[in-house]
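Here is a quick tour of a predicted model. Keep the viewer open while you read, and start with the last helix.

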Amino acid sequence: MPKKIKKEKELKFKKENKILNVNNVHYYFIALIIIAVIICIGVGIYVSSEDKYHVHKDQALVSFSYSEKVENGFNVYYVNEMQDKNIYATINTPEETVEKQWGRNKYLDFNEEIYASNILDKPTNSRESSEGIEWSLEIHFMDGTEKYYTNNSQDPIDKTELARIINKYFKKEILYK
């Protein structure tokens, strides 16, 4: 009698489920490229929206100086953009000097509020007569132009908006003389 032929046992290979293997690695590269493109688009949209808010960023002020006479001397409020693009805000009083570094957005917000206050629409004063000056405002722009105002001008500026801006950014009150 013939012997029974035994079926060979089926070899079962243990299939490992790897997340990354030779057959699907190109899908991960495509996914990474798509994610990088989405991030770049998001950053571009954010920068574009910031630029729309800061419409005068191309004609930003390089230097802002407001000084007013007080009992012991002068209170002076400075905002200066340095050559290395750092922005410093300084309050100089007869008693103390406080200097802070501002971020770019705070500086551009300050710039926009100066433009929105319509202070710059008034004609500038000459620097010839410095007698009896109670306060002065000096602003230098990127293109080299400057504006200068004092209490001796023919058409004085309204200081209420300037006082609000200085109070907001310097946390100090100015005099309304």
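Looking at helix α3, the residues K159, L162, A163, I165, I166, Y169 and F170 are all buried. Down the helix axis, these buried residues fall within an arc of 165 degrees, so they line one face of α3. That fits the usual helix geometry: an α-helix has 3.6 residues a turn, so residues three or four places apart point the same way. The partners of this face are plentiful, as the buried residues of α3 pack against β1 (61-70), β2, β3, β4 (97-102), α2 and β5.

How does the length of the helix check out? The twelve residues of α3 (residues 159-170) should span 16 Å at 1.5 Å a residue, and its end C-alpha atoms are 15 Å apart, which agrees. Right after α3 comes K171, with a positive phi near 60 degrees.

Now for the core. The largest nonpolar core holds 30 residues, and those with the most contacts inside it are F64, Y66, V79, W102, F110, L137 and F170. At least two residues of this core come from each of β1, β2, β3, α2, β5 and α3. Which element gives the largest share of this core? That is α3, with six residues.

F64 is a good residue to click on. Leaving aside neighbours within four places in sequence, F64 is in contact with Y77, Y78, V79, N80, F110, I114, L137, E138, I139 and L162.

There is plenty of ring chemistry here too. The count comes to ten aromatic pairs. One of them is F110 with F170, which is edge-to-face: 6.5 Å centre to centre, with 90 degrees between the planes. This pair links distant parts of the chain, since F110 sits in helix α2 and F170 in helix α3, 60 residues apart. Are these two rings buried or exposed? F110 has 0% relative accessibility, so it counts as buried. F170 has 6%, so F170 counts as buried as well. Beyond this pair, ring pairs link F64, Y66, Y77, W102, F110, W135, Y169 and F170 into a cluster.

If you like backbone torsions, most residues other than glycine have a negative phi. Here are two loop residues that go the other way.

| Residue | Phi | Loop | Relative accessibility |
|---|---|---|---|
| K85 | near 70 degrees | between β2 (73-81) and β3 (87-92) | 51% |
| N118 | about 65 degrees | between α2 (104-116) and β5 (135-141) | 47% |

Why do they land in separate accessibility classes? The cut-off for exposed is over 50%. K85, at 51%, therefore counts as exposed, while N118, at 47%, counts as partly exposed.

Finally, zoom out to the whole chain. The secondary structure comes to three helices and six strands, and along the sequence they follow the pattern α-β-β-β-β-α-β-β-α. Of the 177 residues, 29% count as buried. Among contacts with a separation of 6 or more, 51% are between residues 24 or more positions apart. As for the surface, the protein chain exposes about 13100 Å², and carbon and sulfur atoms supply 56% of that area.

Key. Residues numbered from 1 in each chain as written. Predicted model: local features only at pLDDT ≥ 70, side-chain atom pairs only at ≥ 80, totals over all residues. Heavy atoms only, no water. Helix = DSSP H or I, 4+ residues; strand = E, 2+ residues; numbered from the N terminus. Buried < 20%, exposed > 50% of the residue type's maximum accessible area, 1.4 Å probe, protein only. Expected span 1.5 Å × (residues − 1). Arc of directions from axis to C-beta. Contact = heavy atoms within 4.5 Å. Core = buried A, V, L, I, M, F, W, Y, C linked by side-chain atoms within 4.5 Å. Phe/Tyr/Trp six-rings, centres within 6.5 Å; stacked < 30°, edge-to-face > 60°. Areas by Shrake-Rupley, 256 points an atom, 1.4 Å probe, with all protein chains shown as cover.
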